[in-house]
Amino acid sequence: MATVRLPSGNVLEVHDTLYNFVRDEAVAGTAWTADGVFEVLAGLVEEFGPPNREFLARRADVQQQIDDYYREKRRNGWVPTGESATRDAGELESFLVAIGYLEASRPVDFEVDTPQLDPEMDQNGPELVTPVTNASMAVGGANARWGSLYDAWFLSDIHAEIDAEDQRPARLRMVVEETNAFLDEHVSAWQGGVSFDSIEAYSVGRTDDGAYELVGRTSDGAEVRLEHPEKFSGFNLDAEGELAEFFLTDNGLRILLQLYEGGTVDPVNGQFRDLVVESALTNIIDFEDAVSVVDADDLVEGLRNYLGLIRGSLEGYGSRGNLKQLNSDKTYRDVNGEERTLKATSLMSVRNVSIHMYTDAVTLGGEEVPERIVGVLLTTLIASAHDRGSNGEPRGGGEGVMPVRGPNSGRGFVYQVTPKLHTAEEVAEQMRFFEAVERGLGLPAGTMLIGIMNEELGMTLQLPQALRAARNRVFFTNTGFLDRTGSQLRAQMYAGPVDPREDLNQATFNTSYELDNVDVSLRAGLHRHGKVGKGMQVRNRAMAEMMERKIDHPRSGGNTAWVPAPYPSDLHSTHYHMVDVDEVQRVMLDAAADPVSRAALLAFPLLGEGKLDDSDVRERAVLRYAHSMVAYVEPWVRRGVGCSGVPDFDQIEEMKDRATERIDGAILANWRLHGVISQADIEDAVRKAAAIVDEQSAEVSGYVPLADTREKQDSMLAEPALAAVLEIIDDALSSPSAYVEPALFRNRRGVKAG
């Protein structure tokens, strides 16, 4: 351990791996020394460590009071019913006001005044979340700013009846027909009712005022022009002076249409050489839910990758052995013939862990320190000191040269996504913390901005006050159904047995929560200063389903929504051409609708009468949730995979993260508490789930079966991954927030130590 002695007499100890990374890499080329950085860190820990523990103690105290509130009601004869749900929620609201947890409800009477952000934050479109510890995924996520709509459509399950291998020509033609129809209907029509299908070649001409215009030529030789010529926004010519590619811009998003020789499309099926959409405008580089970071070695792996992303030097090998590197920016000529540059990569924000996480990578006076303080300081140092862009210089240890690209944030901001805060007071403390980090690093005031994850019940109830506290730094709010549901279930654990997970999407608390996040954010003017976000598409390969359902996100006022991978992002980008989110938001603001009531947000989703009376139905439900947990926890604990696409109970691949486990664990703990199931039922389901995961993972490289021998079966529940599942369920009742990290971390560290 490296040591830094402080003027206060305290000793800061830093794991050698972390100290060496900061000394040799993070501060390289800057005026900083490693000791200087850790002295700043120590000062932050001394100042913000004690109040951090006070906030956690306050959370535990409030949860204990809510538990006692429900137990007292039951002792007095209260029995919850569907008919009493609204009254019950209103009484809980009154209780929370009485204990000082909530202020009296009042209208949103302010607007945020966040400064002018990078253009990506003002533009409606998809957002990726990528795990920082996976270099290949991190590079792929950054490059997902642009993606082939042809590839995304061809490789999806849209029109799955046309097989990609056996019916390749037919599928290619289907893709061209579908995407041309999309261009005609949602991007720009041609004069005279001509469709993209009818045009065989493209060129540029000059208008009377000297500007360039796009010209299409049909099979009969007729020239046609766009119905909305202003949507033509740029082009490039080939070496012979023919049109090689052109840009169309619709609802602020660009589409690049690439041509064959002579400015033509394919004469057989009419396809462009490629149809490239502006896709993931923003990308959250994740140190939280999507990763397995349990010690200094893991943390440094993530920090090193983040440094590579910011500098532009990161590279990683994909699953097929292909080397991925960050793309260079795009150049083109605009309609006036001027050369322009377009960013080729997403605007990257960073999500560090929340205040409940502690790390032994750094200790102060022998005690672990809040991991959030370490992560925010070091990622801010990296982002502020190394975000200069690159100019094709040698990579320095890697292959080839650096990309030619501008900085991540042209305006010099550091976008810090902040998860799992519970109260406006906690948000206000983060603002004080950001100011201290800026002072410590010598950054201009206002460099650090906050994205508020509205994923805890308390944050939902206090969102207006939270936005007021962060009004000059907030750049987005975002919903997260799974974490938000897990939070509500823990908060109201004693209210009664909960409905099955499959029915919670449409429960009053959730539909109200989604509507409330948009409503409060719009009335606070956040959409004029950043993003109003929506949650993840979990079924990462069910793209036909996504195209039907995820369009509801822009339709309901969200100007960004999360996607799990580049191809889903490419497809989801089309929704922002189909829906003018700015107009949707204007209509919502003009409407005289009443704000969502707190009672609606607190409506507990009580188990419907008779739903689990049948023993087979009940057993299958428990097995489904146990399987979900084992399928996620196994790679996390045993292999350090923090976010994985794994088959669900129905053999459909889903992206799973910690939020998935939080809700499943909370449901099973709730049912056990209220006598719907027993501990024996849970343990039996976990055993069966292990056998199913073994079967599903038989072809996974490096997978070690959980239950393939009698010896393993006899001691199965002590196996670290399965022990973690049972501990998560227990913690859902015994801990203040039903967070899954304690169980995951204990068992992952045990595996690494063993």
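Two strands pair if DSSP finds at least two bridges between them. The model used below is predicted.

**Exercise 1.** Decide which way strand 17 and strand 22 run relative to each other, and how many bridges join them.

*Solution.* Start with the ranges: strand 17 covers residues 347-351 and strand 22 covers residues 414-418. Next, count the bridges: there are two. The cut-off is at least two, so such a count makes a pair. One bridge links R351 to V417 of strand 22. The direction is parallel.

**Exercise 2.** Place this pair in its barrel and give the strand order.

*Solution.* Strands pair through backbone hydrogen bonds, either parallel or antiparallel. Here eight strands close up with parallel pairing, in the order 3-12-17-22-23-24-25-26. From one strand to the next, the twist averages 30 degrees.

**Exercise 3.** Find the strands that helix 9 lies across, and its angle to strand 22.

*Solution.* Locate helix 9 at residues 371-386. It lies across strand 17, strand 22 and strand 23 (448-454). Its angle to strand 22 is about 160 degrees.

**Exercise 4.** Describe the second largest pocket: volume, lining and residue classes.

*Solution.* First, the volume is about 1,600 Å³. Second, 50 residues line the pocket, and F481, N505, M536, Q537 and V538 lie nearest its centre. Third, sort the lining: 17 residues are nonpolar, 13 polar and 20 charged. Fourth, trace the elements. Those supplying at least two lining residues each include strand 3 (127-131), helix 13 (481-491) and helix 21 (615-639). Helix 14 gives the largest share, five residues. Strand 3 also belongs to the barrel.

Definitions and conventions
Residues numbered from 1 in each chain as written. Predicted model: local features only at pLDDT ≥ 70, side-chain atom pairs only at ≥ 80, totals over all residues. Heavy atoms only, no water. 1 Å grid on protein atoms, 1.4 Å probe; cavity = no way out; pocket = protein on both sides within 12 Å on 5 of 7 lines; lining within 4 Å. Points joined across faces, edges and corners; volume = space filled by probe spheres on them. Helix = DSSP H or I, 4+ residues; strand = E, 2+ residues; numbered from the N terminus. Nonpolar A, V, L, I, M, F, W, Y, C, P; charged D, E, K, R; others polar. Axes fitted to C-alpha atoms, helices over the stretch in contact; angles between N-to-C directions. Contact = heavy atoms within 4.5 Å.
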